[in-house]
Amino acid sequence: MKKVVVTCFCMLFAAFVSGCAPEATVQEKALPAPKEAPAAADAGAALNQTIDISANQNKIASYMVEECKKAFSPYYELLAFTLSDYEEKTVDGKVEAIFGYQVKYKNFEKDPDTVDYIKAAKAKGDPRYQQLHDEYLQPKEMNFHLKAVIEHNGSVTLYTNVKPKGIQWEKAVMSDFVLKK
C-alpha cells in the first residue's frame, strides 16, 4: 500500500510539474492512438483518419476511459484520453498489453480565489499566490505506465508499475491514483 501511495504522489507531482508547461492544443475527445501517437500539430488530421486498432486495444481504451471517468470526474473536468506505445502479447491464453496512458484534465470552472488553498496563500501573502491563481484553470495532464490483462472471461485487470527504475507490476484501479486526506 505504501508503494501505491508513493507512486500516486510521484504521479501527481509529475502531473503538476508537466501542467506548468504551455499546451499546444487540447483535444476534447481523443481516439485511442496507434502505436505512435501523432504530433500535436497532426492531432486534428489524425481524428479525421480511420485508425486501425485491434479489438483488444479498443476494449482496453474503452475500459480506461470508463475507469478514469469513475475515478477522476468527481474532482476534475476530463478533456482527453490518449493511449500510446501500445504493445500486446498473449501469455497463458490471456492478452497482456503494456502502454502509456495520458489523461488531460482541468479544475472545474470557478473563481480561483474561492478555493481554500488559494485563499490561504493570498491571506498569508504567499509569493506563490499569483502562480497558484493563474494555474488553477489551466489544462494539466496525468501520465501513467500501465499493464492491462484481458482475462479469460473478458474482464480487464489493470496493473501499475511501482518501481521507479525497472518493472514491478502491482494490481491497481484508477481510484488508487486519487490522493485522499
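These legends go with an overview and a few close-ups of a predicted model.

**View 1. The whole chain, with five helices and five strands.** Start at the N terminus and you walk through the elements in the order α-α-α-β-β-α-α-β-β-β. The protein has 181 residues, and 39% of them count as buried. Take the contacts between residues at least 6 apart in sequence: 63% of these join residues at least 24 apart. The accessible surface is about 11,000 Å², with 55% of that belonging to carbon and sulfur atoms.

**View 2. The largest nonpolar core, built from 27 residues.** Met64, Phe72, Phe99, Tyr101, Phe144 and Met174 touch the most other members here. Elements giving two or more residues are α3 (55–72), β1 (77–91), β2 (94–106), β3 (140–150) and β4. Helix α3 puts in the largest share, with seven residues.

**View 3. Tyr101 and its contacts.** Setting aside neighbours within four places in sequence, Tyr101 is in contact with a long list of residues, including Ala61, Met64, Val65 and Cys68. Also on that list are Phe81, Thr82, Leu83, Met142 and Phe144.

**View 4. A second core, separate from the one above.** This one has six residues, among them Ile118, Ala121, Leu132 and Tyr136.

**View 5. Thr157, a residue of strand β4 (residues 156–161).** Thr157 counts as buried because its relative accessibility is 15%, under the 20% cut-off. Its side chain makes a polar contact of 2.9 Å with the side chain of Glu151. Not counting residues up to four places away in sequence, Thr157 touches Lys147, Ala148, Val149, Glu151 and Lys171.

Methods: Residues numbered from 1 in each chain as written. Predicted model: local features only at pLDDT ≥ 70, side-chain atom pairs only at ≥ 80, totals over all residues. Heavy atoms only, no water. Helix = DSSP H or I, 4+ residues; strand = E, 2+ residues; numbered from the N terminus. Buried < 20%, exposed > 50% of the residue type's maximum accessible area, 1.4 Å probe, protein only. Contact = heavy atoms within 4.5 Å. Areas by Shrake-Rupley, 256 points an atom, 1.4 Å probe, with all protein chains shown as cover. Polar contact = N/O pair within 3.5 Å; in protein donor to acceptor, adjacent residues only side chain to side chain. Core = buried A, V, L, I, M, F, W, Y, C linked by side-chain atoms within 4.5 Å.
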